[in-house]
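Here is a short set of exercises to work through with the model open beside you. Try each task before reading its solution.

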Amino acid sequence: MKHHTIVGLGEILWDVFPQGKRLGGAPANFAFHASQFGHRGVAVSAIGKDKAGQEIMEELKHTTLQHLICETDYPTGTVMVNVDERGIPHYEITENVAWDNIPFTPEMEQLAQQTDVVVFGSLAQRNSVSKATIHCFLETMPAHSLKVFDINLRLHYYSRELVEESLRLANILKLNDEEVKLVANLLEIPHTDEIEICNYLRTVYRLDIVIFTKGTDGSYVFRGSETSFQPTPLVQVADTVGAGDSFTGAFIGSLLNGKTLSEAHRRATQVAAYVCTQHGAMPLLPDELRR
(Lines give C-alpha, C1' and ligand atoms only; values in the text may rest on other atoms or scores of the structure.)
Protein backbone atom coordinates (compact mmCIF):
# COMPACT_ATOMS: atom_id res chain seq x y z
CA MET A 1 0.00 0.00 0.00
CA LYS A 2 1.38 3.40 -0.98
CA HIS A 3 1.65 5.96 1.80
CA HIS A 4 0.42 9.29 0.48
CA THR A 5 1.32 12.77 1.70
CA ILE A 6 -1.85 14.48 2.94
CA VAL A 7 -1.64 18.13 4.01
CA GLY A 8 -3.99 20.20 6.15
CA LEU A 9 -3.26 23.80 5.13
CA GLY A 10 -4.56 26.68 7.23
CA GLU A 11 -5.43 27.29 10.85
CA ILE A 12 -3.91 25.50 13.81
CA LEU A 13 -5.06 26.79 17.18
CA TRP A 14 -6.32 26.10 20.65
CA ASP A 15 -10.03 25.34 20.99
CA VAL A 16 -10.76 26.81 24.43
CA PHE A 17 -13.70 25.05 26.13
CA PRO A 18 -15.12 25.95 29.56
CA GLN A 19 -13.36 22.83 30.92
CA GLY A 20 -9.98 23.54 29.26
CA LYS A 21 -8.23 23.86 25.90
CA ARG A 22 -7.61 21.30 23.16
CA LEU A 23 -5.58 21.36 19.96
CA GLY A 24 -7.70 22.17 16.93
CA GLY A 25 -8.13 23.86 13.58
CA ALA A 26 -10.06 22.13 10.78
CA PRO A 27 -7.10 21.47 8.41
CA ALA A 28 -4.94 20.07 11.22
CA ASN A 29 -7.85 17.89 12.40
CA PHE A 30 -8.27 16.53 8.86
CA ALA A 31 -4.56 15.74 8.42
CA PHE A 32 -4.45 14.04 11.83
CA HIS A 33 -7.34 11.72 11.03
CA ALA A 34 -6.02 10.92 7.54
CA SER A 35 -2.69 9.98 9.14
CA GLN A 36 -4.48 7.34 11.23
CA PHE A 37 -5.10 5.41 8.00
CA GLY A 38 -1.42 4.86 7.31
CA HIS A 39 -0.65 8.06 5.42
CA ARG A 40 1.78 10.88 6.07
CA GLY A 41 -0.41 13.62 7.52
CA VAL A 42 1.17 17.07 7.67
CA ALA A 43 -0.26 20.20 9.33
CA VAL A 44 0.91 23.42 7.65
CA SER A 45 0.23 26.57 9.62
CA ALA A 46 1.80 29.22 11.87
CA ILE A 47 2.11 29.93 15.59
CA GLY A 48 3.30 32.88 17.67
CA LYS A 49 6.45 33.30 19.75
CA ASP A 50 4.44 32.70 22.88
CA LYS A 51 3.57 30.06 25.45
CA ALA A 52 0.48 28.96 23.51
CA GLY A 53 2.63 28.33 20.43
CA GLN A 54 5.18 26.34 22.44
CA GLU A 55 2.34 24.27 23.87
CA ILE A 56 1.06 23.48 20.36
CA MET A 57 4.51 22.22 19.34
CA GLU A 58 4.67 20.11 22.49
CA GLU A 59 1.18 18.70 21.88
CA LEU A 60 2.07 17.74 18.29
CA LYS A 61 4.87 15.50 19.59
CA HIS A 62 2.19 13.21 21.06
CA THR A 63 0.27 12.73 17.78
CA THR A 64 0.84 10.86 14.51
CA LEU A 65 0.77 14.24 12.78
CA GLN A 66 3.84 15.70 11.10
CA HIS A 67 4.00 19.47 10.71
CA LEU A 68 5.49 22.45 8.95
CA ILE A 69 4.69 25.24 11.41
CA CYS A 70 6.15 28.71 10.91
CA GLU A 71 6.84 31.01 13.86
CA THR A 72 5.54 34.56 13.43
CA ASP A 73 5.36 37.82 15.37
CA TYR A 74 1.58 37.40 15.73
CA PRO A 75 -0.10 35.62 18.68
CA THR A 76 -1.00 31.94 18.44
CA GLY A 77 -4.64 31.44 17.42
CA THR A 78 -7.39 30.67 19.89
CA VAL A 79 -11.10 29.97 19.53
CA MET A 80 -13.54 30.21 22.42
CA VAL A 81 -15.91 27.24 22.08
CA ASN A 82 -19.23 26.92 23.90
CA VAL A 83 -21.13 23.68 23.34
CA ASP A 84 -24.93 23.72 23.67
CA GLU A 85 -27.11 20.99 25.16
CA ARG A 86 -27.18 19.12 21.80
CA GLY A 87 -23.37 19.06 21.60
CA ILE A 88 -23.33 21.74 18.86
CA PRO A 89 -20.35 24.12 19.17
CA HIS A 90 -20.53 27.93 18.93
CA TYR A 91 -17.32 29.83 18.20
CA GLU A 92 -15.64 33.12 19.01
CA ILE A 93 -12.56 33.30 16.76
CA THR A 94 -9.66 35.61 17.64
CA GLU A 95 -8.55 37.82 14.72
CA ASN A 96 -5.12 38.86 13.37
CA VAL A 97 -3.31 35.84 14.76
CA ALA A 98 -0.40 33.69 13.54
CA TRP A 99 -2.43 31.47 11.19
CA ASP A 100 -3.75 34.61 9.46
CA ASN A 101 -0.14 35.32 8.49
CA ILE A 102 1.31 32.03 7.18
CA PRO A 103 4.31 32.78 4.93
CA PHE A 104 5.04 30.74 1.79
CA THR A 105 8.54 29.40 2.46
CA PRO A 106 10.97 27.30 0.36
CA GLU A 107 10.22 24.35 2.67
CA MET A 108 6.52 24.78 1.96
CA GLU A 109 7.15 24.89 -1.78
CA GLN A 110 9.11 21.63 -1.54
CA LEU A 111 6.30 20.00 0.45
CA ALA A 112 3.69 21.17 -2.06
CA GLN A 113 5.59 19.44 -4.88
CA GLN A 114 5.30 16.14 -2.95
CA THR A 115 1.69 16.50 -1.80
CA ASP A 116 -0.95 14.03 -3.01
CA VAL A 117 -3.90 15.60 -1.15
CA VAL A 118 -4.45 18.98 0.46
CA VAL A 119 -7.44 20.26 2.38
CA PHE A 120 -8.08 23.98 2.67
CA GLY A 121 -11.03 26.07 3.81
CA SER A 122 -12.46 29.55 3.72
CA LEU A 123 -11.49 30.63 7.24
CA ALA A 124 -7.70 30.77 6.72
CA GLN A 125 -8.30 32.90 3.63
CA ARG A 126 -9.85 35.76 5.64
CA ASN A 127 -6.41 37.47 5.59
CA SER A 128 -4.52 38.22 2.35
CA VAL A 129 -1.19 36.77 3.60
CA SER A 130 -2.48 33.26 4.35
CA LYS A 131 -4.78 33.39 1.32
CA ALA A 132 -1.79 34.05 -0.98
CA THR A 133 0.13 31.20 0.66
CA ILE A 134 -2.76 28.77 0.17
CA HIS A 135 -3.04 29.70 -3.51
CA CYS A 136 0.74 29.37 -4.05
CA PHE A 137 0.68 25.93 -2.40
CA LEU A 138 -2.22 24.74 -4.58
CA GLU A 139 -0.54 26.00 -7.75
CA THR A 140 2.72 24.20 -6.85
CA MET A 141 1.12 20.78 -6.25
CA PRO A 142 1.37 18.00 -8.88
CA ALA A 143 -1.25 18.02 -11.63
CA HIS A 144 -2.87 14.74 -10.49
CA SER A 145 -3.26 15.78 -6.84
CA LEU A 146 -6.52 16.08 -4.91
CA LYS A 147 -7.50 19.54 -3.66
CA VAL A 148 -10.25 19.34 -1.06
CA PHE A 149 -12.19 22.53 -0.31
CA ASP A 150 -13.75 21.93 3.11
CA ILE A 151 -15.79 25.10 2.89
CA ASN A 152 -16.11 25.49 6.70
CA LEU A 153 -18.07 28.78 6.70
CA ARG A 154 -17.56 30.58 9.99
CA LEU A 155 -19.30 33.76 11.18
CA HIS A 156 -18.69 36.58 8.64
CA TYR A 157 -15.29 35.35 7.37
CA TYR A 158 -16.27 34.59 3.76
CA SER A 159 -17.60 36.21 0.59
CA ARG A 160 -19.04 35.15 -2.75
CA GLU A 161 -15.75 35.93 -4.47
CA LEU A 162 -13.73 33.84 -2.01
CA VAL A 163 -16.09 30.85 -2.25
CA GLU A 164 -16.21 30.89 -6.06
CA GLU A 165 -12.45 31.27 -6.34
CA SER A 166 -11.89 28.33 -3.99
CA LEU A 167 -14.40 26.13 -5.81
CA ARG A 168 -12.50 26.70 -9.05
CA LEU A 169 -9.22 25.71 -7.38
CA ALA A 170 -10.65 22.49 -5.88
CA ASN A 171 -11.64 19.12 -7.30
CA ILE A 172 -13.40 17.87 -4.13
CA LEU A 173 -15.93 19.85 -2.06
CA LYS A 174 -17.07 19.09 1.50
CA LEU A 175 -20.04 20.96 2.99
CA ASN A 176 -22.80 20.41 5.54
CA ASP A 177 -26.54 21.08 5.65
CA GLU A 178 -26.16 24.59 7.08
CA GLU A 179 -23.48 25.53 4.55
CA VAL A 180 -25.39 24.21 1.52
CA LYS A 181 -28.17 26.77 2.10
CA LEU A 182 -25.69 29.60 2.69
CA VAL A 183 -23.80 28.70 -0.50
CA ALA A 184 -27.01 28.49 -2.53
CA ASN A 185 -28.00 31.99 -1.42
CA LEU A 186 -24.48 33.37 -1.79
CA LEU A 187 -24.03 32.05 -5.35
CA GLU A 188 -27.68 32.60 -6.34
CA ILE A 189 -28.10 28.94 -7.28
CA PRO A 190 -31.51 28.35 -8.94
CA HIS A 191 -32.38 25.33 -6.74
CA THR A 192 -33.80 24.84 -3.25
CA ASP A 193 -33.40 21.05 -2.99
CA GLU A 194 -30.13 20.17 -1.22
CA ILE A 195 -29.25 17.29 -3.57
CA GLU A 196 -29.85 19.47 -6.62
CA ILE A 197 -27.64 22.18 -5.13
CA CYS A 198 -24.82 19.66 -4.60
CA ASN A 199 -25.09 18.37 -8.16
CA TYR A 200 -25.26 21.94 -9.50
CA LEU A 201 -22.00 22.76 -7.67
CA ARG A 202 -20.37 19.55 -8.92
CA THR A 203 -21.33 20.26 -12.52
CA VAL A 204 -20.74 24.02 -12.73
CA TYR A 205 -17.39 23.95 -10.91
CA ARG A 206 -16.26 20.64 -12.48
CA LEU A 207 -15.74 18.91 -9.15
CA ASP A 208 -14.84 15.21 -9.07
CA ILE A 209 -16.53 14.58 -5.72
CA VAL A 210 -19.00 16.44 -3.47
CA ILE A 211 -19.31 15.31 0.16
CA PHE A 212 -22.50 16.48 1.87
CA THR A 213 -23.12 15.80 5.57
CA LYS A 214 -26.46 16.33 7.32
CA GLY A 215 -25.70 15.64 10.98
CA THR A 216 -28.12 13.07 12.40
CA ASP A 217 -29.91 12.83 9.02
CA GLY A 218 -27.05 11.00 7.33
CA SER A 219 -24.60 11.96 4.58
CA TYR A 220 -24.16 11.77 0.82
CA VAL A 221 -21.18 11.46 -1.50
CA PHE A 222 -21.59 12.28 -5.19
CA ARG A 223 -19.08 11.23 -7.89
CA GLY A 224 -20.08 11.22 -11.55
CA SER A 225 -23.27 9.17 -11.84
CA GLU A 226 -22.57 7.49 -8.48
CA THR A 227 -24.42 8.51 -5.30
CA SER A 228 -23.65 7.01 -1.88
CA PHE A 229 -25.87 7.55 1.17
CA GLN A 230 -25.04 6.49 4.72
CA PRO A 231 -27.27 6.94 7.79
CA THR A 232 -25.70 8.50 10.87
CA PRO A 233 -25.17 6.03 13.74
CA LEU A 234 -26.93 6.93 16.99
CA VAL A 235 -24.31 7.64 19.67
CA GLN A 236 -24.01 9.43 22.99
CA VAL A 237 -22.60 12.81 21.91
CA ALA A 238 -19.84 14.41 24.00
CA ASP A 239 -19.32 17.19 21.45
CA THR A 240 -19.30 17.46 17.65
CA VAL A 241 -16.07 19.51 17.39
CA GLY A 242 -13.92 18.03 14.62
CA ALA A 243 -16.52 15.44 13.56
CA GLY A 244 -16.74 16.80 10.01
CA ASP A 245 -12.93 16.97 9.74
CA SER A 246 -12.61 13.36 10.91
CA PHE A 247 -15.27 12.34 8.37
CA THR A 248 -13.32 13.92 5.50
CA GLY A 249 -9.96 12.60 6.74
CA ALA A 250 -11.27 9.05 7.09
CA PHE A 251 -13.02 9.20 3.71
CA ILE A 252 -9.93 10.43 1.84
CA GLY A 253 -7.60 8.12 3.77
CA SER A 254 -9.78 5.09 2.98
CA LEU A 255 -10.25 6.07 -0.66
CA LEU A 256 -6.48 6.31 -1.11
CA ASN A 257 -6.15 2.87 0.49
CA GLY A 258 -8.14 1.40 -2.41
CA LYS A 259 -11.61 1.32 -0.87
CA THR A 260 -14.64 1.87 -3.08
CA LEU A 261 -16.61 5.10 -2.74
CA SER A 262 -19.30 3.44 -0.61
CA GLU A 263 -16.74 1.58 1.56
CA ALA A 264 -14.80 4.79 2.21
CA HIS A 265 -18.06 6.59 2.94
CA ARG A 266 -19.14 3.92 5.43
CA ARG A 267 -15.83 4.12 7.29
CA ALA A 268 -15.98 7.93 7.36
CA THR A 269 -19.43 7.74 8.95
CA GLN A 270 -18.21 5.32 11.61
CA VAL A 271 -15.17 7.47 12.42
CA ALA A 272 -17.18 10.70 12.70
CA ALA A 273 -19.68 8.97 15.01
CA TYR A 274 -16.84 7.80 17.25
CA VAL A 275 -15.28 11.30 17.36
CA CYS A 276 -18.66 12.67 18.51
CA THR A 277 -18.46 10.39 21.57
CA GLN A 278 -15.09 11.91 22.56
CA HIS A 279 -14.14 15.37 23.84
CA GLY A 280 -12.00 17.38 21.43
CA ALA A 281 -11.23 17.08 17.73
CA MET A 282 -8.24 14.69 17.67
CA PRO A 283 -8.95 11.49 19.61
CA LEU A 284 -6.98 8.38 18.69
CA LEU A 285 -9.22 5.93 16.85
CA PRO A 286 -9.66 2.36 18.10
CA ASP A 287 -7.89 -0.32 16.04
CA GLU A 288 -11.08 -1.66 14.46
CA LEU A 289 -11.74 1.74 12.82
CA ARG A 290 -8.17 2.18 11.56
CA ARG A 291 -7.78 -1.26 9.95
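**Exercise 1.** Find the salt bridge between the side chains of Arg-160 and Glu-188, and state where each partner sits and how exposed each one is.

*Solution.* Start with the distance: in this predicted model, the side chains of Arg-160 and Glu-188 come to 3.5 Å, N to O. A salt bridge requires a side-chain nitrogen of Lys or Arg within 4 Å of a carboxyl oxygen of Asp or Glu, so the pair qualifies. Next, place the partners. Arg-160 belongs to helix 5, while Glu-188 lies in the loop between helix 6 (177-186) and helix 7 (194-204). The two are 28 residues apart, and the pair links distant parts of the chain. Now check accessibility: Arg-160 has a relative accessible area of 32% and is partly exposed, whereas Glu-188, with 61%, is exposed. Finally, look for further partners: Arg-160, Glu-164 and Glu-188 are linked in a network of salt bridges.

**Exercise 2.** How many salt bridges does the structure hold? Describe the ones formed by Lys-131 and by Lys-214.

*Solution.* The structure holds nine salt bridges. One of them joins Lys-131 to Glu-165, with 3.2 Å between the closest N and O atoms. Lys-131 is in helix 4 (residues 128-140) and Glu-165 in helix 5 (residues 160-169), 34 residues apart. Lys-131 has 21% relative accessibility and counts as partly exposed; Glu-165, with 28%, also counts as partly exposed.

Turn to Lys-214, whose side chain meets that of Glu-194 at 2.9 Å, N to O. Here a loop meets a helix: Lys-214 is in the loop between strand 11 and strand 12, and Glu-194 is in helix 7, 20 residues apart. Because the cut-off for buried is under 20%, Glu-194 counts as buried at 16% relative accessibility.

**Exercise 3.** What is the strand order of the open nine-stranded sheet, and which strands stand at its edges?

*Solution.* Trace the sheet across: the order is 5-4-1-8-9-10-11-12-13, and the pairing is mixed. Strand 5 (66-72) and strand 13 (226-230) each have a single partner strand, so they stand at the edges, with one side of each left without a neighbour in the sheet. From one strand to the next, the twist averages 15°.

For a sample of the pairing, take strand 10 (residues 172-176) and strand 11 (residues 209-213), which pair in the parallel sense over five bridges. Within this pair, Asn-176 has Thr-213 in strand 11 as its bridge partner.

Then add the helices. Helix 1 (residues 26-35) packs on the sheet, where it touches strand 1 (5-9), strand 4 (40-48) and strand 8 (117-120). The directions of helix 1 and strand 1 make an angle of about 160°. Helix 9 (residues 261-276) lies across strand 11, strand 12 (219-223) and strand 13, at about 25° to strand 13.

**Exercise 4.** Does the span of helix 9 agree or disagree with its number of residues, and what covers its buried residues?

*Solution.* Begin with the span. At 1.5 Å a residue, the 16 residues of helix 9 should span 22 Å; the end C-alpha atoms are 23 Å apart, which agrees.

Buried residues of helix 9 include Leu-261, Ala-264, His-265, Val-271 and Cys-276. Their cover includes helix 1, strand 11, strand 12, strand 13, helix 8 (243-256) and helix 10 (287-290).

Zoom in on Ala-264, which is buried with a relative accessible area of 0%. Leaving aside neighbours within four places in sequence, Ala-264 is in contact with Phe-251, Ser-254, Leu-255 and Lys-259. The C-alpha atoms of Ala-264 and Phe-247 are separated by 9.8 Å.

**Exercise 5.** Which residues of helix 3 (residues 106-114) are buried, and how are they arranged around the axis?

*Solution.* The buried residues are Met-108, Leu-111 and Ala-112. They cover an arc of only 105° around the axis, which puts them on the same side of helix 3. Among the elements that cover them are strand 1, strand 4, strand 5 and helix 4.

**Exercise 6.** In which sense does strand 6 (residues 77-83) run relative to strand 2 and to strand 7, parallel or antiparallel?

*Solution.* Strand 2 (residues 13-17) and strand 6 run parallel and are joined by four bridges; one pairs Leu-13 with Gly-77. Strand 6 and strand 7 (residues 89-93) run antiparallel, joined by five bridges, and Asn-82 has His-90 as its bridge partner in strand 7.

Definitions and conventions
Residues numbered from 1 in each chain as written. Predicted model: local features only at pLDDT ≥ 70, side-chain atom pairs only at ≥ 80, totals over all residues. Heavy atoms only, no water. Pairing = 2+ DSSP bridges. Axes fitted to C-alpha atoms, helices over the stretch in contact; angles between N-to-C directions. Contact = heavy atoms within 4.5 Å. Expected span 1.5 Å × (residues − 1). Buried < 20%, exposed > 50% of the residue type's maximum accessible area, 1.4 Å probe, protein only. Arc of directions from axis to C-beta.
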